[in-house]
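The following exercises concern one protein chain and are to be worked with the sequence and the coordinates at hand. Each task is followed by a solution in steps.

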Amino acid sequence: MSAVAETEPAPLVGRTERGTISIADRVVTKIAARAAAENPDAGAAAALMLGRAVPGATHLGLRGSDLDGLPKTAVDVDGSKAFVNLEISVRWPASVSEVTSQVRSQVRDRVRELTGLEVDEVHIVVADLVTDIAPPSRVR
């Protein structure tokens with residue numbers, strides 16, 4: 001009877017016995033944005049100008065708050081570690097702290113699962129609260 005030695009799976013990123021594997025920042029950025037959007041209470045935040053949301057920004061070609069859209073995401077990959085920055089909107093009246101905690105956990109898990117990178121930091125800015133109530137008409 002021969003003993004079968006169990007081997008550890010090779011890391012997805014970095015130097016392996018067959019060569020080097022690297023994952024571009026933009027790929028990790030897309031994965032992180034999609035992972036954040038998996039939460040039904042989080043989505044894309046409105047465009048900001050001088051720290052204020054721009055009403056009617058979608059008519060100017062800028063993005064508006066949208067719970068179905070992907071949040072603004074930036075990722076820096078340093079070796080086998082990733083640092084993620086997200087700008088999201090949160091559905092009213094969901095708890096901002098619960099939603100951001102769930103998004104942070106989801107992003108860490110998905111990036112680790114799909115790339116093998118460890119996410120050291122997920123910095124989240126909540127830029128807008130979105131209601132399902134249509135705003136009243138401004139013209140009478």
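**Exercise 1. The strand that holds D76 and V77**

Task: Determine in which strand D76 lies and which residues D76 touches, not counting residues up to four places away in sequence. Then treat V77 in the same manner.

Solution.
Step 1. The model is a predicted one. In it, D76 lies in strand 6, and strand 6 covers residues 72–78 and also holds V77.
Step 2. With residues up to four places away in sequence set aside, D76 touches D25, K81, A82 and F83. For V77, once neighbours within four places are left out, the contacts are D25, V28, A82 and L117.
Step 3. The relative accessible area of D76 is 48%, so this residue is partly exposed, since the class ends at 50%. V77 has a value of 22% and is likewise partly exposed, because buried means under 20%.
Step 4. Two C-alpha separations complete the picture. D76 and V119 are 43 residues apart along the chain, and their C-alpha atoms are separated by 10.0 Å. V77 and S22 are 55 residues apart in sequence, with a C-alpha to C-alpha distance of 9.6 Å.

**Exercise 2. Strands 7 and 8**

Task: State how many bridges join strand 7 to strand 8 and whether the two run parallel or antiparallel. Identify the handedness of the β-α-β unit to which they belong.

Solution.
Step 1. Strand 7 spans residues 81–91 and strand 8 spans residues 118–130; 11 bridges join them. The two strands run parallel.
Step 2. One pair can be checked directly: N85 has H123 in strand 8 as its bridge partner.
Step 3. Helix 2, residues 96–115, forms a β-α-β unit together with strand 7 and strand 8, and this unit is right-handed.
Step 4. A salt bridge also links the two strands. D120 pairs with K81, and the closest N and O atoms are 3.5 Å apart. Because D120 lies in strand 8 and K81 in strand 7, the pair ties together parts that are 39 residues apart in sequence.
Step 5. D120 is partly exposed at 38% relative accessibility, and K81 is partly exposed at 38%.

**Exercise 3. Salt bridges**

Task: Give the count of salt bridges. Explain why the pair R110 and E38 ties together parts that are apart in sequence.

Solution.
Step 1. The criterion is a side-chain nitrogen of Lys or Arg within 4 Å of a carboxyl oxygen of Asp or Glu. The count by this rule is 6 salt bridges.
Step 2. R110 and E38 satisfy the criterion, as their closest N and O atoms are 3.1 Å apart. R110 belongs to helix 2, whereas E38 sits in the loop between helix 1 (25–37) and strand 3 (42–44), so the pair ties together parts that are 72 residues apart in sequence.
Step 3. R110 is partly exposed, with a relative accessible area of 27%, and E38 is partly exposed with 40%.
Step 4. The pair belongs to a network of salt bridges that links E38, R110 and E113.
Step 5. A further salt bridge is formed by R112 and E118, whose closest N and O atoms are 3.3 Å apart. R112 counts as partly exposed at 35% relative accessibility, and E118 is partly exposed with 37%.

**Exercise 4. A nonpolar surface patch**

Task: Name the residues that make the nonpolar surface patch, and give its area.

Solution.
Step 1. The patch is made by W92, V96, V126 and L129, and its area is about 340 Å².
Step 2. L129 is placed in strand 8. Its relative accessible area is 40%, so L129 is partly exposed; membership of a patch requires over 30%.

**Exercise 5. The chain as a whole**

Task: Describe the secondary structure, the accessible surface and the contacts of the protein chain.

Solution.
Step 1. The chain contains 2 helices and 8 strands. Their order along the sequence is β-β-α-β-β-β-β-β-α-β.
Step 2. Of the 140 residues in the chain, 29% are buried.
Step 3. The accessible surface comes to about 9800 Å², and carbon and sulfur atoms account for 52% of this area.
Step 4. Among contacts between residues at least 6 apart in sequence, 67% join residues at least 24 apart.

Note on methods
Residues numbered from 1 in each chain as written. Predicted model: local features only at pLDDT ≥ 70, side-chain atom pairs only at ≥ 80, totals over all residues. Heavy atoms only, no water. Pairing = 2+ DSSP bridges. Right-handed = clockwise from strand over helix to strand, strands pointing away. Patch = residues over 30% accessible without salt bridge, like charges linked within 9 Å, V, L, I, M, F, W, Y side chains within 5 Å. Areas by Shrake-Rupley, 256 points an atom, 1.4 Å probe, with all protein chains shown as cover. Buried < 20%, exposed > 50% of the residue type's maximum accessible area, 1.4 Å probe, protein only. Contact = heavy atoms within 4.5 Å.
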